[in-house]
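Work through the exercises below with the model open. Each task is followed by a stepwise solution.

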Amino acid sequence: MELRAVEIFLVLAEELHFGRTAQRLYLTQPRVSQTIRALEESIGGKLFDRTSRQVRLTALGERLRDELRPAHDQFRHAISTVTELARGVSGELRVCLASYAMAGRHFTAIVREFTGRYPDCRLTVTEEFPGEFARLRTGVYHLMCHRQPIMEPDLTIGPIMSREPSILLVHAGHRLAVRGYATLEDLGDYAVIPRGDIPKALYEKHFPLATPAGRPIRRGSPIATTSDILHRIAGGEVVHPTSASFVNYYHHPDVTHVPLQGNPEVESALVWVTGMENAAVRAFAAVAAEVLARAESVGGRTRSVTRSPRMLGAQSVRKDDSGL
């Protein structure tokens, strides 16, 4: 079995969608289909059940995924390790922001200091909504700025990038805007965005199923971008709990915001795959911790804290219209 076929199979096993798999791997959809058919013929059994509406792993496909994933990860880690030894802090470092609000107000200073300190490392920063950890695990990105909670045991949680009060986005003239604040109980009167591809633990914390009194909180129709969220808020379809700095990055003339009382602070952190850590990842995390510590020492609110589910003892920017 060729390595490329293994990669195509594993990405399709995550995405369960031929089009998205092709897009992620920069292939054509027919190439993905041909590779999977050839793999099934070679093995002698079906790996996926395909219908016009969905793609599912068969029991044989699940077994192959579970057997291949550790070996594939070990292979990638071995290549990353020897490349790191050869290059040091060089090459390319790709950082994903689930939204610029999650990157925190000191992110630009972090980037500036990193690129000045490590000129041989080309840093690219991309905003993509939502922040899917599969993008880290497949090596599309090396680092991600992501909202907490992060529960995956294979990920290391690095410096805390921001910690902010909660607000509720509503349309201009909304009764909560007139009142001047919202509570968690108020959410029972409105709809919020559906989960979609937002990680489950994060979604359930920030978009609960019910109010404190037990009233269900409705879900609106699917969304794809922040522009879509803002459009639906402006039209009165949904309200949107988010972090206070959201309004510094994303605007709509018919959308305003109020404090969301009773909701915990919104915290985001730098995160990466533990087994794919390299010199550049460590260097960026260290620079972030230094910049954040200096900011705190002069009165900044952001604190540099490193935690992990394991208990961790010139720039190119492309912006997609996205955020959370």
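At 33% relative accessibility, L16 counts as partly exposed, because that class lies between buried (under 20% relative accessible area) and exposed (over 50%), with a 1.4 Å probe and protein chains only. This is a predicted model: local features need pLDDT of at least 70, side-chain atom pairs count only at pLDDT 80 or more, and totals for chains, interfaces and linings use all residues. Residues are numbered from 1 along each chain as its sequence is written, and side-chain values use heavy atoms, with hydrogens and water left out.

**Exercise 1. Backbone outliers**

Task: Find where L16 lies, and state its phi. Do likewise for Y26.

Solution.
- Step 1. Set the background: most residues other than glycine have a negative phi, and most peptide bonds are trans.
- Step 2. Place L16 in the loop between α1 and α2. Helices (H or I, at least four residues) and strands (E, at least two) are DSSP runs, numbered from the N terminus.
- Step 3. Read phi of L16: near 55 degrees, a positive value in a residue other than glycine.
- Step 4. Move to Y26, in the loop between α2 and α3. Its phi is positive, about 55 degrees, although Y26 is not a glycine.
- Step 5. Classify Y26: exposed, at 74% relative accessibility.
- Step 6. Check omega from Q148 to P149: the peptide bond is cis, near 5 degrees. P149 belongs to the loop between β5 (143-147) and β6 (155-164).

**Exercise 2. The face of α2**

Task: Which residues of helix α2 are buried, and what do they pack against?

Solution.
- Step 1. List the buried residues of α2 (residues 18-25): F18, T21, A22, R24 and L25.
- Step 2. Look down the axis. The buried residues fall within an arc of 165 degrees, so they line one face of the helix. The arc is that of the directions from the helix axis to the C-beta atoms.
- Step 3. Name the partners: α1 (3-15), α3 (29-43), β1 (48-50), β2 (55-57) and α7 (134-137).

**Exercise 3. Two polar side chains**

Task: Is T58 buried or exposed? What does the side chain of R122 make a polar contact with?

Solution.
- Step 1. T58 is in the loop between β2 and α4 (59-87). At 11% relative accessibility, T58 counts as buried.
- Step 2. The T58 side chain reaches the backbone nitrogen of G61 at 3.0 Å.
- Step 3. Leave aside neighbours within four places in sequence. T58 then contacts (heavy atoms within 4.5 Å) K46, L47, F48 and D49.
- Step 4. R122 lies in strand β4 (residues 121-127). Its relative accessible area is 45%, partly exposed.
- Step 5. The R122 side chain makes a polar contact with the side chain of E92 at 3.4 Å. Such a contact is a pair of N or O atoms within 3.5 Å; within protein, one must be able to donate a hydrogen and the other to accept it, and residues adjacent in sequence count only if both atoms are side-chain atoms.

**Exercise 4. Cores**

Task: How many residues has the largest nonpolar core, and which helix gives the largest share?

Solution.
- Step 1. Define the core: buried Ala, Val, Leu, Ile, Met, Phe, Trp, Tyr and Cys residues joined through side-chain atoms within 4.5 Å.
- Step 2. The largest core has 54 residues; L93, F107, L168 and F284 have the most contacts inside it.
- Step 3. Helix α12 (residues 279-297) gives the largest share, nine residues.
- Step 4. A second, separate core of 20 residues includes I8, L12, A13 and L39.
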